[in-house]
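Visitor: Please give me a close look at one part of this protein, starting from the overall picture.

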Amino acid sequence: MADNTNSALFKRALEVVPGGVSSPVRAFKSVGGTPYFVSRADGAYVWDVEDRRYLDYVQSYGASILGHAHPEVVEAIRQAAGEGTTFGAPTEREVLLAEAICDRVGAGCDLVRFVSSGTEAAMSAVRVARGFTGRNRVVMFEGCYHGHSDMLLAAGGSGMATLGLPASAGVPPSAVAETMVVPYNTVPDIDDDVACVIVEPIAANMGLVPPAPGFLQGLRDACDRAGALLVFDEVITGFRLARAGASGFTGVRPDLWTFGKVIGGGLPLAAFAGRREVMEALAPVGPVYQAGTLSGNPVATAAGLTVLGLLDDAAYSMLAGRAAELGAMLAGVLNEVTPAQVPVVGTLVGVFFGDDLVTTFAGSRASATTGWYARFFRAMLERGVALAPGPYEVMFPSLAHTWDDIERTVDLARAAIAVA
Ligand SMILES: *Cc1c(COP(=O)(O)O)cnc(C)c1O
């Protein structure tokens, strides 16, 4: 066997996996260098195959909110796995997890359907919205990410409200012909041929971009006037931002929610949810088909239930406190060298380089093209801090990140930005 270094493994990976990775951002293309191959993780830290340790702010893009390999989660997985890993029949844990989600989210979240990825959740939520309303048009926002289904891989044109263009090769123009892409933080005109408006209530896939005051309520009102459904894609914010997710945090209630990342406790699990009458459009009750062999997987639901069980109000306020501290101190350190914005929303922290507060994808792109993020990323990685390998991601402190970890991050950031 070849020697077990990151570069040797990456070389082998390139022979058998496109680009060497199972998901493109992991390839480091936008930051440069060779990806580290993780051999194990514990709490706030990951170790690569060369036994280098990194203080980890990726945390599987937010999925690992308790930190890696939390003992109670590992034990729940071990126990569930011993009882069988998939059955093709319903289990009690699906009921318990659906009840836990409805209890947290509250009014309007009546029925939950489990799937295996955020992509599936968003795709299926749009399908049920179309089936329920009998309309085809979907409105989405530039810079929001809703997974890689054809109809949601749409790019905006240059105008204010344009019909989508394929954002990827392999997506036919017909697949996005009913997808309208508009700028974030501006309430678009919603016509009565719109089935749904799908939005990240706090955008976290173009860096961290909070909703402008009135934006989400404006969408709610516009949807109500047009008879369209409002979909909050909470695959990141769901149960990471706050106990009730973004709808609880912002007070604006959508008709449909999507969840992922945190609810699987680090295993593949996602869900979409909504009002009973909308969700009952789904088969076997209604005419909208949707299914999955591994949906509601018994090991993933065991992990998810354990994680949600540990996430009480005290956990969220502790995490939000650490995120606020990290954001404030990081902003100070970065701005000593170059203008930077470090937005914090709840437990999420973003990093933008440049003078201006970022409110749209255009602003996020302008920050990314300065090249500062890529240089800062590399300087941090050299110092043993793993940020997400792309300027459009956010920082995910976990409950395993101690105050000492946060302070060390800021010290290392001071050293890193000085040479970036
Ligand atoms: C990660 C993400 C998705 C896609 O989830 P996958 O599990 O990667 O398919 C969808 N929407 C949002 C907001 C996400 O952050």
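Visitor: With 420 residues, what radius of gyration does the protein chain have, and how does that sit with a compact globule? After that, please take me along helix H12.

Guide: Happy to! This is a predicted model, where local features need pLDDT of at least 70 and side-chain atom pairs 80 or more, while totals for chains, interfaces and linings use all residues. Residues are numbered from 1 along each chain as its sequence is written, and side-chain values use heavy atoms, leaving out hydrogens and water.

The radius of gyration (over C-alpha atoms; the globule rule is 2.2 Å times the number of residues to the power 0.38) is 21 Å, which agrees with the value near 22 Å for a compact globule of 420 residues. Along the principal axes, the C-alpha atoms fill a box of roughly 55 × 55 × 45 Å. Within the chain are 12 helices and 18 strands (DSSP runs, H or I of at least four residues and E of at least two, numbered from the N terminus). Of the 420 residues, 55% are buried (under 20% relative accessible area, 1.4 Å probe, protein chains only).

Now to H12, which covers residues 403-419. Its 17 residues reach 25 Å from first C-alpha to last, close to the expected 24 Å (1.5 Å times one less than the number of residues). Buried here are Asp405, Ile406, Thr409, Val410, Leu412, Ala413, Ala416 and Ile417. In an α-helix there are 3.6 residues a turn, so residues three or four places apart point the same way. The buried residues of H12 pack against helices H9 (313-335) and H11 (372-382), and also against strands E2 (45-48), E3 (53-56), E17 (352-353) and E18 (385-386) (contact: heavy atoms within 4.5 Å).

Technical notes
Buried < 20%, exposed > 50% of the residue type's maximum accessible area, 1.4 Å probe, protein only.
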